[in-house]
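I opened this notebook page to keep track of what I looked up in one structure, going from the whole chain down to single residues.

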Amino acid sequence: METGEKERCQRCKRVLTPDEIGATKKLINRGSTSYLCLDHLAEAFDVDRKDIERKIVSFKEMGCTLFR
């Protein structure tokens, strides 16, 4: 990825937030280099987007370094 380029969802190509990148790494593979937006991440796990959002809050509260 070139300098200044933003990470994008592997499926829909939307620009991702740091939380979406962190969630992909936490839930799929810490070494991931391709990422999913929250909608596609929820779809991959067959859960609601709100479930993923709650997990992100929980990971932050636990001090997970993937979420800053």
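The entries below follow the order in which I looked things up.

**Overall fold.** I noted at the outset that this is a predicted model. I looked up the secondary structure and found three helices and zero strands, so that, by the run-based assignment of helices and strands, the chain reads α-α-α along the sequence. I then checked the dimensions: the C-alpha atoms fill a box of roughly 30 × 25 × 15 Å along the principal axes. The radius of gyration is 12 Å, which agrees with the value near 11 Å that a compact globule of 68 residues would have.

**Burial and contacts across the chain.** Of the 68 residues, 31% are buried. The chain exposes about 4,700 Å², and 47% of that comes from carbon and sulfur atoms. I also looked at how far apart in sequence the contacting residues lie: among contacts between residues at least 6 apart, 42% join residues at least 24 apart.

**The nonpolar core.** The largest nonpolar core that I found has 16 residues, and those with the most contacts inside it are Leu 16, Ala 23, Ile 52, Ile 56 and Phe 67. Each of α1, α2 (38-45) and α3 (49-61) supplies at least two residues of this core. I followed Leu 16 further and, leaving aside its neighbours within four places in sequence, listed contacts with Glu 7, Arg 8, Cys 9, Ile 21, Tyr 35, Leu 36 and Cys 37.

**Helix α2.** Which residues of α2 are buried? I listed Leu 38, His 40, Leu 41 and Ala 42, and the buried residues of this helix pack against α1 and α3. For the spacing I kept in mind that an α-helix has 3.6 residues a turn, so residues three or four places apart point the same way.

**Thr 24.** I placed Thr 24 in helix α1, which spans residues 18-27. Is Thr 24 buried or exposed? Thr 24 counts as buried because its relative accessibility is 1%, against a cut-off of under 20%. Beyond its neighbours within four places in sequence, Thr 24 is in contact with Asn 29, Ser 32, Ser 34, Tyr 35, Leu 36 and Leu 41.

**Aromatic rings.** A search of the whole structure gave me one aromatic pair. Phe 59 and Phe 67 form this pair, with 5.7 Å from centre to centre and 20 degrees between the planes, and the pair is stacked. I looked up the burial of both partners: Phe 59 is buried, with a relative accessible area of 8%, and Phe 67 counts as buried at 7% relative accessibility. Phe 59 has a further partner in Lys 26, whose charged end sits over the ring of Phe 59, 5.0 Å from its centre.

**Positive phi values.** I looked for positive phi in residues other than glycine, and Lys 13 is one of them, with phi near 70 degrees; Lys 13 lies in the segment before α1. Asp 46 is not a glycine either and has a positive phi of about 55 degrees. I found Asp 46 just after α2, in the loop between α2 and α3. Asp 46 counts as exposed because its relative accessibility is 73%, where exposed requires over 50%.

Technical notes. Residues numbered from 1 in each chain as written. Predicted model: local features only at pLDDT ≥ 70, side-chain atom pairs only at ≥ 80, totals over all residues. Heavy atoms only, no water. Phe/Tyr/Trp six-rings, centres within 6.5 Å; stacked < 30°, edge-to-face > 60°. Buried < 20%, exposed > 50% of the residue type's maximum accessible area, 1.4 Å probe, protein only. Lys NZ or Arg CZ within 6 Å of the ring centre and 35° of its normal. Helix = DSSP H or I, 4+ residues; strand = E, 2+ residues; numbered from the N terminus. Rg over C-alpha atoms; globule rule 2.2 N^0.38 Å. Contact = heavy atoms within 4.5 Å. Areas by Shrake-Rupley, 256 points an atom, 1.4 Å probe, with all protein chains shown as cover. Core = buried A, V, L, I, M, F, W, Y, C linked by side-chain atoms within 4.5 Å.
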